[in-house]
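Me: I am new to this structure and should be grateful for a close look at one part of it. Please describe how its strands are arranged and what lies against them, and then follow the neighbouring helices to their charged side chains.

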Amino acid sequence: MKTFALVDGNNFYASCERVFRPDLADKPIVVLSNNDGCVVAASAEAKALPGIQMFGPFFEIAGLCRRHGVTVFSSNYALYGDMSRRMMAILAEHAPGQEVYSIDECFLDLSGVAEPEALARRMRDSVQRRIGIPTCVGIGSSKTLAKLANHVAKRVPGWDDGVFDWRRLAEADRDALMAGLPVGKVWGVGRKLADRLREWRIDTALQLKEADPRRIRQGFGVTLERTVAELNGVSCLELDEAAPERQQIISSRSFGEKACDFNVLAAAVSHHIATAGEKLRAQRGVARLIGVGIRTSPFGDDGYNGYTVVPLPQPSDDAMTLTRAALAGLRAIYRRGPRYQKAGVVLMEISPRERLQADLFGPAPDPRRQRLMRTMDAINQTFGRGCVKLASEALTPDWEMRQDVRSPCYTTRLDQLLEIA
C-alpha cells in the first residue's frame, strides 16, 4: 500500500531568521517581500497579534509592529534557499524517494515503512536538532491526504502536535474530521474553485470526498476527479523525484528607487541574465531567444512598457553571449525620460545542451568559454552568488531592491559568518 508524507517547515522564513537569533525565541517576527513592501511571513507570535495580516502592506502595520516589539526582517533569499537545501538533505536520509515541492515542503515515499508515524517524529527531531527548523508531518495513502494531514498536524486543535497520520483513525472518525475542514483546505482547490464547489453545495473536504466522481469530472474536469479519488485513499499522483526542466527561465525585480539612467537598467538586466543563465546551465540547457522588458509604474503619467525578443545566432548558455544579446535588446527599447520601476529577462526556446545542433557556417563553441562558465558557477556556488560576475553587473548598485533590515547571509558568505563572542 502506498504511503506518503508531506513535511514542511513551520513559518519557514521566520524560523530561518530565528535559528541565528536565539534571543528572538518566542518573540514576534515578520518577514517582508521585495523592496520591503508587504508581509510575506510571520512567526506564530506575530500572527496572534491583532491587526497583522499576511500579504498586507507593511506601512499600514509599521506602527503596530513598533508598539508590540515585533522584529522585522527584509527577505534574505540566499539564507532561506540554503537552509531549505539543508533541510531537504536531512529529510532525504529517511526515505528512498523525495519530491521537493517548494522551498519549505517535500513529499516523501514511506511505502513499506512499518511505523511511519514513529519515523516522522524522528525526522522532525533530526531537522530540529541539526538545523533548528521546526516542522510538521502529514501522512496518508495519497499525496492529497498527506497534504491535508499536514494541515491537521499544524492547525486543527486536538491534533496539532506536529505529526498526523490518517490511519490512526477509524473511518467514521476520519470522516468526522474531514467534515470540519473547509473544501478550500484540500490540495489543489483554490479560492475560485472553492467558490464554484460551494455553488454545488460542496463546502467541506468530506463532501468533496463523497461527491460522484463522474459528475465532478463533467463539471470540473479530470484533475478534480483525481482529487476525489485521492481523498478516498486511492493514489493517483506519483512521486515526482526529478524536477521538470524549465521551458522558460524568468528573472525580474522591481527597483528600490525608480531609475531613468541607462546604466542602472543595464546593471539590472545584466544581473537578471546572470541569474537566469546560472539556472540554465544547472539544467544543462541552452536558449535560442532572450526576452528583455522594462516598465514604469502603471499608476504614473509616464506609463511605458518596453519589451523585445532577441534571437541568438545559435542557442547558448554562455553568460557573455547572453548578456551581450540582452543589453542589445535593452538599447532597442530604452527611452530617455521615463522613470523605470522594473526590469527583467526571460530565456526562451530552451533545449538540452546535448542536442545542440551546430551552425554549419558559424564558429563552434569555444571549450575554454565552457570551462570558464563551469568555474564561475562553481565559485559562486561555493562562496555565494555574485562573488564572480561580469563588469556590466557592477556599473551601479542603484537598481538594487530595498532591503533595509536584511539579516546577514550566515551560511553562504564567509564575510558574514555568525560571530560568537
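Reply: Two strands are counted as a pair if DSSP finds at least two bridges between them. With that rule in mind, the description can begin with β2 and β3, which run antiparallel and are joined by three bridges. One point of register can be located within this pair: Val 30 has Ala 42 of β3 as its bridge partner. The model under discussion is predicted.

β2 and β3 belong to an open sheet of three strands, whose order is β3-β2-β4 and whose pairing is mixed. Because β3 and β4 each have a single partner strand, they form the edges, and one side of each has no neighbour in the sheet. From one strand to the next, the twist averages 25°. In general, the strands of a sheet pair through backbone hydrogen bonds, in either the parallel or the antiparallel sense.

Helix α1 lies across this sheet. The helix meets β2, β3 and β4, and runs at about 115° to β2. α1 spans residues 12-19 and is mostly covered, with six of its eight residues buried. These buried residues are Phe 12, Tyr 13, Ala 14, Ser 15, Cys 16 and Glu 17. Their cover includes the strands β2 (29-32), β3 (39-42) and β4 (71-74), together with β1 (4-9) and helix α4 (77-92).

β1 leads to the second sheet. This sheet is open and has five strands in the order β5-β6-β1-β7-β8, again with mixed pairing. Its edges are β5 (97-102) and β8 (163-165), each of which pairs on one side only. Neighbouring strands here are turned against each other by 15° on average, direction ignored. β1 therefore has a place in both parts of this account: it stands between β6 and β7 in the five-strand order, and it is among the elements that cover the buried residues of α1.

At one end of the five-strand order, β7 (residues 135-140) pairs with β8 in the parallel sense, over three bridges. Within this pair, Val 163 in β8 stands opposite Val 137. Two helices may be described relative to β7. Helix α5 (residues 116-131) lies across β1, β6 (105-109), β7 and β8, and runs at about 160° to β7. Helix α6 (residues 143-155) also packs on the sheet; it touches β1, β5, β6, β7 and β8, and its direction makes about 140° with that of β7.

The charged side chains of the helices already named come next. In general, side chains of opposite charge can pair when their charged atoms come close. Under the rule used here, the count for the model comes to 24 salt bridges. One of them lies in α4, the helix that helps to cover α1: Arg 86 is bridged to Asp 82, and their closest N and O atoms are 2.7 Å apart. The two residues are four places apart in α4, about one turn of the helix. An α-helix has 3.6 residues a turn, so residues three or four places apart point the same way. The partners are covered to unlike degrees: Asp 82 is buried, with a relative accessible area of 9%, whereas Arg 86 is partly exposed at 33%.

In α5, one of the helices on the five-strand sheet, Arg 129 forms a salt bridge with Asp 125, and here the closest N and O atoms are 3.7 Å apart. These residues are also four places apart in their helix, and are therefore separated by about one helical turn. Arg 129 is exposed, with a relative accessible area of 59%, while Asp 125 has 45% relative accessibility and so counts as partly exposed. Elsewhere, Glu 117, Arg 121, Asp 161 and Arg 168 are linked in a network of salt bridges.

A further example is found in helix α7 (residues 171-179), where Arg 174 and Glu 171 are three residues apart and therefore separated by about one helical turn. Their salt bridge has closest N and O atoms 3.3 Å apart. Arg 174 is partly exposed at 25% relative accessibility, and Glu 171 is partly exposed at 43%.

Note on methods
Residues are numbered from 1 along each chain as its sequence is written. This is a predicted model: local features need pLDDT of at least 70, side-chain atom pairs count only at pLDDT 80 or more; totals for chains, interfaces and linings use all residues. Side-chain values use heavy atoms; hydrogens and water are left out. Buried means under 20% relative accessible area, exposed over 50%, partly exposed in between (1.4 Å probe, protein chains only). Contact means heavy atoms within 4.5 Å. Axes are lines fitted to C-alpha atoms, for helices over the stretch in contact, and angles run from 0 to 180 degrees between N-to-C directions. A salt bridge is a side-chain nitrogen of Lys or Arg within 4 Å of a carboxyl oxygen of Asp or Glu.
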